[in-house]
Amino acid sequence: MKRSRQRRLHIMRRGLWYSLALCLWILLIGGVGFWLLEPGIDTLQDGLWLAFTTAATVGYGDMVPRTPAGRAFAVLVVLLGLAVLSLVTASLAAIFVEQEVQDEVVAGERQIEHELIHEIRALRAQVQGLQDRMEHSSPTPDKPQNQQVRP
């Protein structure tokens, strides 16, 4: 069980890294796109800043797309940015929730194990009591038991 948990956690962490890489790739493409499409964006750094504020839907207003092509591209960047940033957030949340769920499962398993041990001890005591009663009531060779069958 521990091994499967480690594998799931590894996959989630790897998914987080893939999501972050995809996020950076979208921001890079967005920055280059704004730099090429918008005449008011003079540097790639400004394009990257506009891509970030657009993808994160912050929109500080210091730079805005003014051309129809830039605005259409901004819509695409917003949609992709929301999707990818949601993936990153979901991956982080899954990692934290997995740990909490695993802790609860372990606590539940310990409780069940404790109850089972208690039940086994009680059953052993009952079996021992039955054995003791059988030993005390078993017929001895000197004393035959009454074996009448009633109709």
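## Close-up views of a three-helix chain

**View 1. T57 sits in the loop that runs between α2 (44-55) and α3 (68-137).** This is a predicted model, and the loop is a good place to start looking around. T57 comes after α2 and has a positive phi, near 55°. Most residues other than glycine have a negative phi. T57 is not a glycine, yet its phi is positive, at about 55°. Is T57 buried, partly exposed or exposed? With a relative accessibility of 46%, T57 counts as partly exposed.

**View 2. The whole protein chain contains three helices and zero strands.** Followed from the N terminus, its elements read α-α-α. Of the 151 residues in the protein chain, 22% are buried. About 11,900 Å² of the chain is exposed, and carbon and sulfur atoms supply 62% of that area. What share of the contacts between residues at least 6 apart in sequence joins residues at least 24 apart? In this chain the share is 60%.

**View 3. Helix α2 has the length one would expect from its residue count.** The expected span is 1.5 Å times one less than the number of residues. For the twelve residues of α2 that gives 16 Å, and the end C-alpha atoms are 16 Å apart, so the two values agree. Which residues of α2 are buried? They are G47, L50, A51, T53, T54 and A55.

**View 4. Aromatic rings meet in three pairs across the whole structure.** One of them, F34 with F73, is edge-to-face, with the ring centres 5.1 Å apart and 85° between the planes. This pair ties together distant parts of the chain, as F34 belongs to helix α1 and F73 to helix α3, 39 residues apart. F34 and F73 are both buried. In the pair of W49 and F52, the ring centres are 6.0 Å apart and the planes are at 35°, so this pair is tilted. W49 and F52 are three residues apart in helix α2, so about one helical turn separates them. W49 is partly exposed at a relative accessible area of 32%, and F52 is partly exposed at 38%. Together with Y60, W49 and F52 form one aromatic cluster.

**View 5. S19 of helix α1 is a buried residue, with 7% relative accessibility.** The cut-off for buried is under 20% relative accessible area, so the 7% of S19 falls within it. Which residues does S19 contact, once its neighbours within four places in sequence are left aside? The contacts are V84, L87, V88 and S91. A21 is also found in helix α1, but A21 is partly exposed, with a relative accessible area of 44%. A21 and V88 are 67 residues apart in sequence, while their C-alpha atoms are 9.8 Å apart in space.

**View 6. L22, W25, I29 and L87 make a nonpolar patch of about 390 Å² on the surface.** Which helix gives the most to the nonpolar patch? Helix α1 (residues 2-37) does, with three residues. W25 is part of helix α1 and counts as exposed, at 53% relative accessibility. L87 is worth a second look, as it belongs to the patch and is also among the contacts of S19.

Conventions: Residues numbered from 1 in each chain as written. Predicted model: local features only at pLDDT ≥ 70, side-chain atom pairs only at ≥ 80, totals over all residues. Heavy atoms only, no water. Patch = residues over 30% accessible without salt bridge, like charges linked within 9 Å, V, L, I, M, F, W, Y side chains within 5 Å. Areas by Shrake-Rupley, 256 points an atom, 1.4 Å probe, with all protein chains shown as cover. Salt bridge = Lys/Arg side-chain N within 4 Å of Asp/Glu carboxyl O. Helix = DSSP H or I, 4+ residues; strand = E, 2+ residues; numbered from the N terminus. Buried < 20%, exposed > 50% of the residue type's maximum accessible area, 1.4 Å probe, protein only. Contact = heavy atoms within 4.5 Å. Phe/Tyr/Trp six-rings, centres within 6.5 Å; stacked < 30°, edge-to-face > 60°.
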